[in-house]
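Biologist: Could you take me through this structure step by step? I am still learning the vocabulary, so please explain the terms as you go.

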Amino acid sequence: MLRLLIGDPGSSWRDWVRDRSSAADLLVLDPTDGTFGPPARLYRLSHGRLAWERFYGSLDPQRSPHVLLAALSQNLSPDLDVLLFPYRPVPILRHTIALLAQLMRPDEILVSSKADLDLGGFPIGPEVVELPEAFPNLVRQAQRKAHWLKLLDCCTEQSVSLREVTVEGARLGTGAQLSRDQLVGLGLGEALYAERAGATFFVVADTDLEEGKLAHALDVTGASKVLATSPAKFENVHCSFARESGEDIGFGFVRKIDWEFGNVHCVCSAVPPVPVRVLRLGSLRVDAAANEVGELRPWEI
């Protein structure tokens, strides 16, 4: 049986998951969940054991809905319980749930009685269920911090070269990088990094750049808008190392980037040496003391 579970921010599926008699695997598409390890990831349990996991990099389900769809498509099987993120009345979340349900075509849909969700438009009529209250936010924060501390204990200092990896989840690496000589020629010698991707001129600098110089850079590169960010924004960003196949081989955090040499210095749980081909960057930031220090704006880096 294929079963879809839709909750709300104030309720929890913990008792249902603990007591379920189903022999089906459980696919958790809730990046806030930290029951079986660090949050900000998606995972599948088979007979109570971790069978699959995928970096998400955020606690907000609306940040990367395409990753949720990909995770479901990778894990669909005849017997599967799919636990979704707590629903909030946000258009992108409503549309994402509809797409997930259409892709899954479940035999049963269970929806929390407290979810502010229109029950129409699903492949099968949802059944409303009563759920216990979720733990208070302070308790959930403490649980997540305990998982971050455990992850940090497994991490070692490692570095990867931006010249040798593909970056996912960020604006960085989307376009063609400008050389140091090109930046100096544009009058942007103080910039640490810049690239042009389509109509966007993306630049990293630790000082405010003069508008006249940026306007000149747009004229020369043919871009029509500038997106500037600080190198400090990359510090403590949640990340993962992955293979070209998409398999995550370690989770961790960016500590700093050496822009001169293009090296990303991280702490990561991957056991070196590892063939890192993809560097995934999230939006959640966690400092060296395991404190969550907020999320970046979409595509800020």
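Modeller: The conversation below goes through a helix, a sheet, some loops and the empty spaces.

Biologist: What kind of model is this, and how are the residues numbered?

Modeller: It is a predicted model, in which local features need pLDDT of at least 70 and side-chain atom pairs count only at pLDDT 80 or more, while totals for chains, interfaces and linings use all residues. Residues are numbered from 1 along each chain as its sequence is written, and side-chain values use heavy atoms, with hydrogens and water left out.

Biologist: Let us begin with helix H6. Which of its residues are buried?

Modeller: Leu214, Ala217, Leu218 and Thr221 are buried in H6, which spans residues 211-221. Buried means under 20% relative accessible area, exposed means over 50%, and partly exposed lies in between (1.4 Å probe, protein chains only). Helices (H or I, at least four residues) and strands (E, at least two) are DSSP runs, numbered from the N terminus.

Biologist: Why do these four fall on the same side of H6?

Modeller: They cover an arc of only 100 degrees around the axis, which puts them on the same side of H6. The arc is that of the directions from the helix axis to the C-beta atoms.

Biologist: And which residues are exposed on the other side of H6?

Modeller: Gly212, Asp219 and Val220 are exposed there.

Biologist: What covers the buried residues of H6?

Modeller: The cover includes strand E11 (193-197), strand E12 (200-204) and strand E13 (225-229). Contact here means heavy atoms within 4.5 Å. Just after H6 comes Gly222, with a positive phi of about 80 degrees.

Biologist: How are those strands ordered in their sheet?

Modeller: The order is E10-E11-E12-E13, in an open sheet of 4 strands with mixed pairing. Its edge strands are E10 (176-177) and E13, each of which pairs on one side only. Two strands pair if DSSP finds at least two bridges between them.

Biologist: In which sense do E11 and E12 pair?

Modeller: They pair in the antiparallel sense, over 5 bridges. Ala194 has Val203 in E12 as its bridge partner.

Biologist: Now the loops. Where is Asn236, and what is its phi?

Modeller: Asn236 is found in the loop between E13 and strand E14 (237-242). Its phi is positive, about 70 degrees, although Asn236 is not a glycine. Asn236 is buried, with a relative accessible area of 17%.

Biologist: What about Ala290?

Modeller: Ala290 lies in the loop between E17 and strand E18 (292-295). Ala290 is buried too, with a relative accessible area of 1%. The hairpin of E17 and E18 has 5 residues between the strands, and within it Ala290 takes a positive phi near 70 degrees. E17 and E18 pair in the antiparallel sense over 2 bridges, and Val286 stands opposite Glu292 in E18.

Biologist: Which residues does the cis peptide bond join?

Modeller: It joins Pro272 and Pro273, with omega about -5 degrees. Pro273 is found in the loop between strand E16 (263-268) and E17.

Biologist: On to empty space. How many cavities does a search find?

Modeller: A search of the whole structure finds 1 cavity of 30 Å³ or more. On a 1 Å grid over the protein atoms alone, a cavity is a set of points where a 1.4 Å probe fits but cannot get out, whereas a pocket is an open set with protein on both sides within 12 Å along at least five of seven lines; lining residues have an atom within 4 Å of a point. Grid points are joined across faces, edges and corners, and a volume is the space filled by probe spheres set on the points.

Biologist: What is the lining of the largest cavity like?

Modeller: About 40 Å³ of space lies in the largest cavity. Its lining divides into 9 nonpolar, no polar and no charged residues; Phe234 and Ile257 are among them. Ala, Val, Leu, Ile, Met, Phe, Trp, Tyr, Cys and Pro count as nonpolar, Asp, Glu, Lys and Arg as charged, and the others, Gly among them, as polar.

Biologist: And the largest pocket?

Modeller: The largest pocket has a volume of about 810 Å³. Of the 32 residues that line it, the closest to its centre are Asp30, Thr32, Asp33, Gly34 and Arg140. H4 gives the most to this lining, with 6 residues.
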